[in-house]
Amino acid sequence: MRKSVLKILITALISGMSIPAVGFAADDALMQKIEQLSRELEQLRNQVKANEEKANKAAEMQKSQGTKSDAKEIGDLKNKVAKIEEKSLSKWLTIGGDYRFRVDSLHGSTVPYTSAIDTMKNLVGGFTGPAGVSGTNIGGSGSPTVSQFIMQGQAGKLFSPDQFNTIMTQYMPQAMAAMMPSIIPNVMNGTYTLQNTALTQQQSAILETMKAKVLPSVYRMQIGNVPGLLALMPPGTPATTTIQQAMGGFSPAQQATMMQALMQNFLGQNSGNLAMIPAYKPKNETLYTNKFGLDLTAKATQDITIHAKLDMYKAFGSQSDSTTVGNYFADRVGVFDGTLSHIPSDSLLNVDRAFATWSNIADQPLWFSIGRRPSTNGAPSNLRLNNERPGNGGTPALLVDYAFDGMTLGYAPDIDMLPGAYAKVCYGRGFDSGLKTSANSIKDTDMLGIAVIPVDTDPLRVWMQWNRGFNIFDFPAMNNTIFGNTAPAVNLGDIDWYGIGAMSTFKKVGPGNLNFFTDFGLSITHPSNNVSQNAGFQGLMTGEFFAQEAPTSRTGWAVYAGVRYDLPSKTKLGFEFNHGSKDWITFAPSADDMWTSKVGTRGNVYEPYIIQELNLKPISSYLSKAFFKLGYQYYDFEYTGSNNWVGAPKKISAIQPTDLMLLAPMKSAHDVYGTFEVKF
Amino acid sequence: MNKIVSVVILVVMMLVSTLASVQTARAEEAKMVGSISKIEMAADGKSATAILKDNKTGESVTIIVSDELTLDKFNDKRIVEGDEIRTKYEKSGDKNISKMFKKTAGC
């Protein structure tokens with residue numbers, strides 16, 4: 001408004017000034033008027049200027065106030081974002097996992113042997129058959145009838161303890177006594193012909209076992225209670241004479257012949273009881289499996305983290321482990337607590353790992369961790385599995401690959417000379433025996449270990465390990481195996497393990513990086529006097545089926561070496577070799593091998609493989625990747641009992657067709673496999 | 001067995017408590033535990049700057065890392081932003097030079 005007035009005035013003034021002065025003649029009054037107008041004009045100009053300054057000032061003030069307000073809002077917003085971020089899932093929860101499709105083509109080759117299980121079935125079938133001894137009074141006391149014997153059984157069990165007791169203390173002695181009348185006359189007159197005069201090593205041992213466990217019951221019988229026996233004795237022999245007393249009348253040679261004859265009638269080649277299995281070639285040309293894992297890591301509080309790994313592992317077209325387990329290796333007879341999620345079973349998502357870790361205890365590089373442990377797939381198996389190094393977790397794969405429930409106390413000191421060094425004490429429970437009662441005296445099975453890793457860097461990682469298994473059980477708890485439902489029944493003793501190994505990565509060796517490792521393991525058994533009845537009186541790496549052996553400590557060793565070359569094209573070429581000695585035993589049933597855990601092999605295993613990673617940008621995590629893998633495993637077994645601590649190893653080439661064995665002895669096995677794997 | 005476990009745990013605890021009481025840090029060195037908020041690789045790839053948020057004080061500390069093994073872990077994403085780190089560094093002027101830089105131990 002004022003600006004307009006000013007403009008009008010100025011225009012008027014200029015218009016006025018433009019009128020020729022001559023037209024108005026010099027007039028003082030007029031001049032004064034002009035001067036007055038000029039002064040007024042100046043005043044107006046000043047006023048306008050003052051107003052403009054005032055207006056600018058006001059605008060600036062307003063602007064300044066606005067900026068301050070924005071800054072505050074931005075600050076508030078930032079705080080809000082920080083708070084939301086602090087509590088956001090990504091801040092405290094990490095989700096990852098893996099998927100694997102795998103196809104295996106499995107071929108094996110066994111040697112002739114005799115199935116101990118089927119032979120026992122034949123024997124019991126004879127005892128309980130129409131001409132059997134069950135329900136008779138041979139020997140003076142009645143044995144259980146067939147119905148009673150069946151009633152002694154337990155669901156899922158091949159033979160219950162009561163049934164086993166009946167067999168050993170009633171049926172077998174009765175059957176043995178019943179055979180005597182047909183043998184004694186020929187033995188006495190020297191015309192008895194043994195099936196084989198030379199017993200196999202196992203048969204000799206079986207004879208000794210029968211003398212110790214069956215014969216005492218026979219010797220206690222009175223000859224008058226054994227049909228046909230009294231008539232063979234010299235006239236006047238009292239019917240109350242025991243068989244032991246009667247045997248005193250025979251020469252040692254005759255007694256030996258009689259015992260051998262009795263044993264051969266039970267378990268000799270022509271006894272009709274032996275379930276002899278000729279050599280055969282088991283195979284599964286296409287075994288497809290699906291494996292899916294979900295990893296969760298939650299930062300619960302400062303320094304405390306929870307880890308969980310949920311795993312599903314199943315074969316195509318199956319909801320049981322029957323497609324992948326059998327009667328070849330102890331670690332692949334069935335799925336149990338330590339191998340759940342590591343042997344194909346069903347589509348359930350099992351908890352493979354769940355543990356809490358407290359780090360930075362007392363502001364020191366000290367940690368304590370407890371739960372279902374990451375004690376599977378340890379170094380150096382990460383190379384062939386194409387996993388990251390296990391860090392502070394895991395155990396040397398040569399010694400332990402078992403899903404343990406346990407705890408760890410670890411310390412990682414800052415020693416300049418020993419980068420990455422740490423040490424830890426680990427404890428795990430392999431079996432909890434439950435409430436102790438008069439009927440349950442079996443002890444818990446525990447594992448204690450100390451690991452020292454003096455250096456852990458890319459160029460060099462060294463590990464040293466000792467662990468001891470206490471109160472090792474005979475059979476783990478499994479269902480629907482070839483032995484029926486099994487459970488630990490006896491503690492067989494302890495085992496010590498020692499291991500030392502190293503792995504290294506050399507960068508830029510030729511066009512790629514070279515990884516290699518070597519590992520050495522030692523196992524020493526400390527058997528107790530206990531033996532497993534369920535395993536035919538075999539102990540901790542001692543004895544054979546029905547051929548008990550005195551407890552003897554056995555020392556075994558193993559080596560494991562491998563190399564992997566990583567090319568810039570993301571192609572990885574690897575080769576591994578491992579050898580286990582006759583008495584080598586490991587605790588690695590969860591190893592990622594289909595036939596049996598290769599590091600537990602008593603013999604040699606060769607495994608070349610190739611991995612081709614896809615050159616795809618990771619999205620779900622920095623380390624996510626997808627790859628194909630093709631590999632081949634060749635097992636060359638030298639001794640029986642790979643991955644089995646029950647019973648003594650036997651050289652494969654020395655196995656006799658009449659040798660009773662719980663598991664089929666395999667001399668070689670092949671597995672050609674391919675995978676498509678995604679880690680996310 | 002229980003006795004052996006108890007003795008072993010006791011010995012380890014004693015060892016740990018002894019170690020915990022020893023002041024190992026040298027005067028010119030500092031140690032801290034904190035989460036990485038930022039990693040920036042140098043253009044030549046021969047060093048990196050990592051900003052860590054101290055777990056204790058909440059302050060951000062900038063540390064220069066130049067050892068090859070740690071740089072490899074940055075490059076391979078084996079150490080990434082968000083990871084908790086135990087570090088030892090030397091104060092040189094206004095710069096903190098890493099002497100040790102590793103993820104906090106635990107499994």
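What share of the 107 residues of chain B counts as buried? The figure is 21%. I'll come back to chain B after a word on confidence.

What you have in front of you is a predicted model, with an ipTM of 0.77 and a pTM of 0.83. Chain A has an average pLDDT of 91, and 95% of its residues score at least 70. The stretch to be careful with there is residues 16–26 of chain A, where the pLDDT is below 50. Beyond near neighbours in sequence, that stretch makes two contacts in the model. For chain B the mean pLDDT is 84, with 75% of the residues at 70 or more. Residues 19–27 of chain B stay under 50, and the model gives them seven contacts beyond four places in sequence.

Now chain B itself. It has two helices and five strands, and along the sequence they come in the pattern α-β-β-β-α-β-β. If you take the contacts in chain B with a separation of 6 or more, 44% of them are between residues 24 or more positions apart.

Next, how the chains meet. On the chain B side, 24 residues are in contact with 33 residues of chain A. Four elements of chain B each supply at least two residues to that side: α1 (2–21), α2 (68–75), β4 (84–92) and β5 (95–103). Of these, α1(B) gives the most, with seven residues. Sorted by class, the side of chain B that touches chain A has 14 nonpolar residues, six charged and four polar.

Moving to chain A, I'll start with helix α4, residues 116–127. Its twelve residues reach 16 Å from first C-alpha to last, close to the 16 Å expected at 1.5 Å a residue. Which residues of α4(A) are buried? They are Ala116(A), Ile117(A), Thr119(A), Met120(A), Leu123(A), Val124(A) and Phe127(A). These cover an arc of only 160° around the axis, so they sit on the same side of α4(A). The general background is that an α-helix has 3.6 residues a turn, so residues three or four places apart point the same way. As for what covers the buried residues of α4(A), that includes β2 (113–115), α6 (161–188), α10 (252–267) and β20 (660–661) of chain A.

Two of the strands I need next belong to a small group. In chain A, three strands form an open sheet in the order β3-β2-β20, with mixed pairing. β3 (276–277) and β20 of chain A are at the edges with a single partner strand each, so one side of each has no neighbour in the sheet. β2(A) and β3(A) run antiparallel and are joined by two bridges. Within that pairing, Thr114(A) stands opposite Met276(A) in β3(A).

Last, strand β9 of chain A, residues 422–431. Why is β9(A) largely enclosed by the rest of the structure? Because seven of its ten residues are buried. Strand β8 (residues 405–411) of chain A runs antiparallel to β9(A), joined to it by seven bridges. In that pairing, Asp405(A) has Arg429(A) as its bridge partner in β9(A). β9(A) also pairs with strand β10 (residues 445–456) of chain A, again in the antiparallel sense, over nine bridges. There, Tyr422(A) stands opposite Ile453(A) in β10(A).

How values were computed: Residues are numbered from 1 along each chain as its sequence is written. Chains are lettered from A and ligands numbered from 1 in the order in which they are written. This is a predicted model: local features need pLDDT of at least 70, side-chain atom pairs count only at pLDDT 80 or more; totals for chains, interfaces and linings use all residues. A residue is buried if 20 or more other C-beta atoms lie within 10 Å of its own, exposed if 12 or fewer, and partly exposed in between; C-beta atoms are placed from the backbone. Two strands pair if DSSP finds at least two bridges between them. pLDDT is the predictor's confidence in each residue, from 0 to 100. The expected span of a helix is 1.5 Å times one less than its number of residues. The arc is that of the directions from the helix axis to the C-beta atoms. Ala, Val, Leu, Ile, Met, Phe, Trp, Tyr, Cys and Pro count as nonpolar, Asp, Glu, Lys and Arg as charged, and the others, Gly among them, as polar.
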